[in-house]
Each structure stands twice: as C-alpha cells, then as structure tokens.
Amino acid sequence: MSRLIIVSNRVQKPGPDGAQGGLAVALSAALREHKGIWFGWSGESTDRFTGHIRMDEYDGVRTATVDLEEQDIDEYYNGYANRTLWPLFHYRMDLAEYVRSFGSGYERVNKRFAETMQPLVEPDDAVWVHDYHLIPLAWDLRRQGVKNRMGFFLHTPWPPTRLLVALPHHQRLVQSLFAYDVIGFQTAEWLESFRHYCEKEMGGTIDGDDITVGTRTIKAFACPIGIDYDEFLDAVNSDVAKEAEATMRASVQDSRALIIGVDRLDYSKGLEERFKGFERYLTEHPEMQTQVVMVQIAPPSRSEVKSYQEIRASLEAESGRINGRFAHVDWTPIRYVNKGYPRDKLAGIYRAAKVGLVTPLRDGMNLVAKEYVAAQDPKDPGVLILSRFAGAAQQLTEAILINPYADEEMADAIEQALTMPLEERQRRWKIMMHEIGETDVVWWRETYVNKLMQAHDVKNAEDKLLLDVPGE
C-alpha cells in the first residue's frame, strides 16, 4: 500500500492533550492507515531558513515541520495568503491587496517547502496538499523531479471567473494546479466556477470529472467535508458538555431563549450583519426584548492583519451600541466573547441553544452548522438558521436558509425559529442529522483518498511536465 504524504500550511501535531480539530483527526487517521507523514510549517520563526526538518511521532502519526523566516511569514502567510487570496476567494475584492512582494514571498515559500520535503517522498507515495496557501506546491515538486500521484483539496470557496481575473498573474496561479492529478472542492458551485475559468480563460475542455488544458488532464470533483460524527456525539454526551449546557441554561435563567453563534473572528463570517439582524428582530418584537439572549463566541485570528483589527473594533462598537439601546438592569441582549472553547464544552453550549445562527457572507463549508445540528436533543431540537452562501447550505437544506445581507430576512428567520412547532423541528433535524452522519469526515477522507490512489500512475508519464512552468 502506498504511503500518504499530507502537506498543509500548519501541522497540528497529535499529542496527549487530544486538542485536535476535526480535520486534524481525519488526517491523522489517514496517516495511520497509510503510514505516512504530515509536512508543513511549525508556526515558529527563525532568523535564517535552513530547511531543517523537525521530525516527531505520536500515536502512530509522524510529522515533519520547518520554521520560516519573519519575511516569509509576513509575505507568504500574512500577505499573499491572507491579504490577497483569502479576501478574493471570499468575494471581498475591496479588501484584497495586490503587493508584488506578497506574490514573490508566496512563491518563495512554496518552493522552499518543495525543496525541503522532496527527500521525504518515496517513489510510490501519494501526496495530498491542502488549501490556498500551497496552490503552486505541486509545480515546484514536479520541478524537483517528483512524478508521484499528487492531489489538492481547497477548503475555501473558489471565486467566479469575473472576480478571479482581477488577480495579477491569475492564469499562472491556476495553471500551477494542473501539476496535480486530482483536485477536490467543497461544493458543486465552487467546482463549476473552476471549470468555467478553465474553459473561458485557458481554452480547456470538460469531460465528466476530467479537465484538459493542453496535454494535461486532471480530475476535479466536489467532496464536501464533514464533522467527526462519532467523536462529536461522544463529546455531546460527555460530563463536560452536560455541565456546560447546565451552566448556559442557568445563565439565561432557563426561561429565556438562547441564540448561539460560534465563528472565528473574520469579515467573511458576517458578524456585523448578524448583529444588525438580531437588532432588527428586537425592534420588531419588543415583547421578546427580555426573553432572548444572543451569545456570540468569536476567537480572534490573524491579529497582525489590519482588516482583522478593524472587524474586531467594529464588532465591539456594534455590540456595545445594541446593548446600550436595549439592555435592562437584569438583561443584556448580546454577549460577545473573544475567546475559544474546547469542542466538548461547545457541544454543551450548542445543545442549550434554541437557535444556531450560522450566517457567513461566504464560506467553503462551515462545520459549526453541522456541529450545532449534531449537538441537539432529538426530543427537543433547536433550529439552525444558515446562510445560503455557506457550503453547508448545499447539504443542510432543512435549515432556515437566508440571505445574511438582509436584516429583515434574518429577523424573520429568528421569529420563525423561536416559534417553530416541535414536530417540524424534529422533522427538519432528522433529515439534516442523517445527511451529517452519512457524509462525515471519515466518508470525506476515504472518498478523496480513494480518488487520489486511483489516479493514473505518473511515473513514466513525461507529458505531466510538458506545460510551461508558470512565469517561465
């Protein structure tokens, strides 16, 4: 059986504390099954990049990490990845920054990754690369002589052609993806956007999953990621979750309805629009002004990036304004919390909430939506309000789907959710729960890895390298 080499920007090392996200759990399971290696950035900086690899192993999972120079972090990570690609891929052209040094830093780090990991790759290995940080990595590996099967999975949306062409050297970036054998997207919509670009901008042809540009044919398909279903249900039933649920219920005095939002602090999550939608609800339903509490958990991220500093300041001001307008001495409508919580505690908080608000302006998937549904009490489930622009909306069609830009829609959805009859809540929950269980993270991982392992043997396929190297 071939080994699996997983590559991502950051490596989440397994450890005795068990503090791993769902994706890390899934990838770790794949590495144990295929006796592979997880390669990526350590998250640490160094004065000079040497290519030194730090090897670790825990519970059957081997990791290989490298440190990056401060300039690399600034240009590749904070720059091109998070100030150019991230906003563009989330349809925020107004926030995308096009700085030449960002692009050169992005290419430099991808090349360094390729040169550093190349000695680790054995002839029969399959390489699985993750996310927008490492789009050109396969090109650089091919230039190092690597002819192995290589796959890429994009966890974010893929923008429409009309937006992507705003990116300087956009064709160069997309062309580099054709060094992979298999590309996976979260939804059929993102896949279709990619196919459209390949046809209109590169003269490509489509035949089922196959996309051909020049002499190179790759397979591209939609494969939505899920939660670790069994592990999350265990968390829901844990003592920690039960204690968190009881604490939350007591804190809102049981009789008050709890609305929960859990999102990384990011402009793509639609938090300002969510606050305004909740404000609209309180305005239109004054009888509920002391009967409902919204808790928004938003751990800070990418604090070095100006746009993230601005969104934090804006949300603090907005929550303060709304609370100042509506609060009573014994009731505050919004609790805005800038810290994260472990998954088992979140499971209990989800279960205590009558409404889950998951309303991003654009999202590749959004696993919080699936976690909220999975945490509910089957006898008395809460209601999920979900943005039409989240990838999860393609699967969780029994949620109340809304346009997050329309505060009237959000206010109406909150009213519908809080007054929904038990029988309808149960019906919607059962349908969504079945979908979540059928397409969990294990299904996602096995589906993708099987596609990758079935990719054509490329060891003798020299045409893999016939396309011009981007920029040359």
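This text walks through three helices, α14, α10 and α13, and what they pack against. The model is predicted.

Start with helix α14, residues 407-418. Does its length fit its residue count, and what span should its 12 residues have at 1.5 Å a residue? They should span 16 Å, and the end C-alpha atoms are 17 Å apart, which agrees.

Next, look at which residues of α14 are buried. They are M410, A411, A413, I414 and A417. These residues cover an arc of only 160° around the axis, which puts them on the same side of α14. The spacing has a general basis. An α-helix has 3.6 residues a turn, so residues three or four places apart point the same way.

What covers that buried set? The cover includes the strands β11 (257-262), β14 (355-358), β15 (383-387) and β16 (400-402). Helix α10 (271-284) is also part of the cover.

Now follow α10 across α14. The two helices pack at an angle of about 65°, with axes 8 Å apart. Their crossing is right-handed. On the α10 side, the contact is made by E273, R274, K276, G277, F278, R280, Y281 and E284. On the α14 side, the contact residues include D407, E408, D412, E415 and L418. M410, A411 and I414 of α14 also take part in this contact, and these three are among the buried residues of α14.

Turn last to helix α13 (residues 367-374) and helix α15 (residues 422-438). Their axes come within 10 Å and cross at roughly 120°. That angle makes α13 oblique to α15. The crossing is left-handed. K370, V373 and A374 of α13 meet W429, M432, M433 and I436 of α15.

Terms used. Residues numbered from 1 in each chain as written. Predicted model: local features only at pLDDT ≥ 70, side-chain atom pairs only at ≥ 80, totals over all residues. Heavy atoms only, no water. Helix = DSSP H or I, 4+ residues; strand = E, 2+ residues; numbered from the N terminus. Expected span 1.5 Å × (residues − 1). Buried < 20%, exposed > 50% of the residue type's maximum accessible area, 1.4 Å probe, protein only. Arc of directions from axis to C-beta. Contact = heavy atoms within 4.5 Å. Axes fitted to C-alpha atoms, helices over the stretch in contact; angles between N-to-C directions. Parallel < 35°, antiparallel > 145°, perpendicular 65-115°, else oblique. Left-handed = near helix turned anticlockwise from the far one by under 90°.
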